[in-house]
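Student: I'd like to learn how to read a protein model. Can we go through one together?

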Amino acid sequence: MTEEQLPDAGLLALAGDFREALRHSIYLVRRLDADGELSAAQLSTLKMLLEPADAGGARVGEIARNLGVKVPSATEQIIKLERAGLVRREADPADSRAVLVTLTADGHAAVESANARRNAVMAGILGSLTEAERAALAAALPVVGKINASLQS
């Protein structure tokens, strides 16, 4: 980037503040289910498998990319989840070299259980906010969603 292309100082400061807030939020979310049986990475993998648009599962490379890890690390998580009966690996009918990972019924149940625990803890935290603070948070969620969507593409 040339100097002409750099964002202004105010936008850079906002970007830094936003990234720091997200970093702290990630730490919080990881602690929400500290007593659960699954690690944060395992739960992230399971939740990711709820979202494929075609519901045909997700490829290991896609899972690795979304988790921000290398394929061998994602494969290791998937193998652990498969042994626990939470996911199933199947050949991709469109590409015999690829593997699709899908949730089992037990995997769906594990996600629902973890979501319930996490939501209860988060509701307790949000309960300490004023009505105005909760309204501000609710108003910001579509903006955060838009940012997330732009990073997905």
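Tutor: Sure, let's begin with surface: the chain's accessible surface is about 10600 Å², and 57% of that belongs to carbon and sulfur atoms. Accessible areas come from the Shrake-Rupley method with a 1.4 Å probe, and for residues only the protein chains shown count as cover. This is a predicted model, where local features need pLDDT of at least 70 and side-chain atom pairs count only at pLDDT 80 or more, while totals for chains, interfaces and linings use all residues. Residues are numbered from 1 along each chain as its sequence is written, and side-chain values use heavy atoms, leaving out hydrogens and water.

Student: Which pattern does the chain follow along the sequence?

Tutor: Helices (H or I, at least four residues) and strands (E, at least two) are DSSP runs, numbered from the N terminus. Here there are 6 helices and 3 strands, in the order α-α-β-α-α-β-β-α-α.

Student: Why does Thr 104 count as buried?

Tutor: Buried means under 20% relative accessible area, exposed over 50%, and partly exposed in between (1.4 Å probe, protein chains only). Thr 104 has 13% relative accessibility, so it counts as buried. Thr 104 sits in the loop between β3 (95-103) and α5 (105-126). Buried residues make up 23% of the chain's 153 residues.

Student: What does Thr 104 touch, not counting residues up to four places away in sequence?

Tutor: Contact means heavy atoms within 4.5 Å. With those sequence neighbours left out, Thr 104 touches Gly 85, Leu 86, Val 87 and Arg 88.
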